[in-house]
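Please look over the structure below with its sequence alongside, beginning with a loop and moving from there to the nonpolar core.

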Amino acid sequence: MRAFEFLAELDVKYGAKRHTIGDIYGKKNLKVPTAKYKDKRTKKQKGIFTESVDFTVTKSYKDDKGRTVNDMSHFGDRKDVDCWVCDASGKSPYYDDVDCDYCEGKGQRNEFVSDAPEMNVSNSNAFEIQKMLGLEPDYGGIIENKDLPNFMRRLIQLKNSDTSQYTEPGSMSGGKTGRYKDEEGNDRIGKTGITMYNMGRSDSQVKGYIDELLKIFKFAQDNDADVGWG
Ligand SMILES: [Zn+2]
């Protein structure tokens with residue numbers, strides 16, 4: 001099942017649940033303290049939650065028990081960087097007058113910063129990228145150093161060919177018009193459930209992935225390393 005289809009299914013369930021809650025715990029019937037929860041995250045902060053597979057350069061070594069370890073953080077260092085949860089403000093993106101708990105109000109965090117090129121994409125795009133490479137898609141994997149030239153040749157071929165088979169048009173689902181009960185229990189006609197947008201994948205996006213992958217593969221080749229994702 002593709003991620004988008006999963007979300008569309010979730011949409012249906014969520015819509016049904018929302019109506020159940022509306023009937024039993026209607027605003028009018030219960031004096032519940034109003035939570036001051038509000039999502040004040042910027043688009044950039046939200047983006048980080050939706051994209052979830054990293055392609056990067058990895059280095060393999062044997063540990064003391066002789067097992068192979070693929071180290072995704074070999075090329076880089078820990079540094080103090082701006083907190084991505086609060087966008088360095090030190091304030092919670094969810095509550096007024098509360099410190100960000102991810103950086104404890106400091107606005108900065110000590111995090112791993114890669115010196116190697118890396119690319120962060122959504123799960124569905126990560127799967128499509130692996131298909132482009134001729135691989136069986138998975139949430140994590142490694143391409144060993146010795147196999148890099150073959151894959152780089154394939155990427156260069158793809159770059160110069162028609163990549164339309166890897167694109168996907170955007171679409172919209174859910175948010176159907178129907179009958180529902182409002183907070184006062186009156187019948188109304190309107191949008192039920194939430195609307196899901198699938199942003200699709202354009203040809204220029206696919207070409208952009210190929211360029212980024214080539215940088216990652218080249219760096220791995222130059223540094224006697226592998227390419228990994230997860
Ligand atoms: Zn923070």
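**From a loop to the core**

Val85 counts as partly exposed, because 17 other C-beta atoms lie within 10 Å of its own, where buried stands for 20 or more such atoms, exposed for 12 or fewer, and partly exposed for the values in between, with C-beta atoms placed from the backbone. The model is a predicted one, in which local features need pLDDT of at least 70 and side-chain atom pairs count only at pLDDT 80 or more, whereas totals for chains, interfaces and linings use all residues. Residues are numbered from 1 along each chain as its sequence is written.

Val85 sits in the loop between strand 3 and strand 4, strands being DSSP runs of E with at least two residues and helices runs of H or I with at least four, numbered from the N terminus. Val85 lies 22 residues from Gly107 in sequence, and their C-alpha atoms are 8.9 Å apart. The loop that joins strand 3 (76-82) to strand 4 (108-114) also holds Ala88, a residue other than glycine whose phi is positive, near 70°. Glu104, found in the loop between strand 3 and strand 4, likewise is not a glycine and has a positive phi of about 55°; Glu104 is exposed, because 12 other C-beta atoms lie within 10 Å.

The largest nonpolar core (buried Ala, Val, Leu, Ile, Met, Phe, Trp, Tyr and Cys residues joined through C-beta atoms within 7 Å) has 20 residues, and Val227 is among those with the most contacts inside it. Helix 5 gives the largest share of this core, 7 residues.
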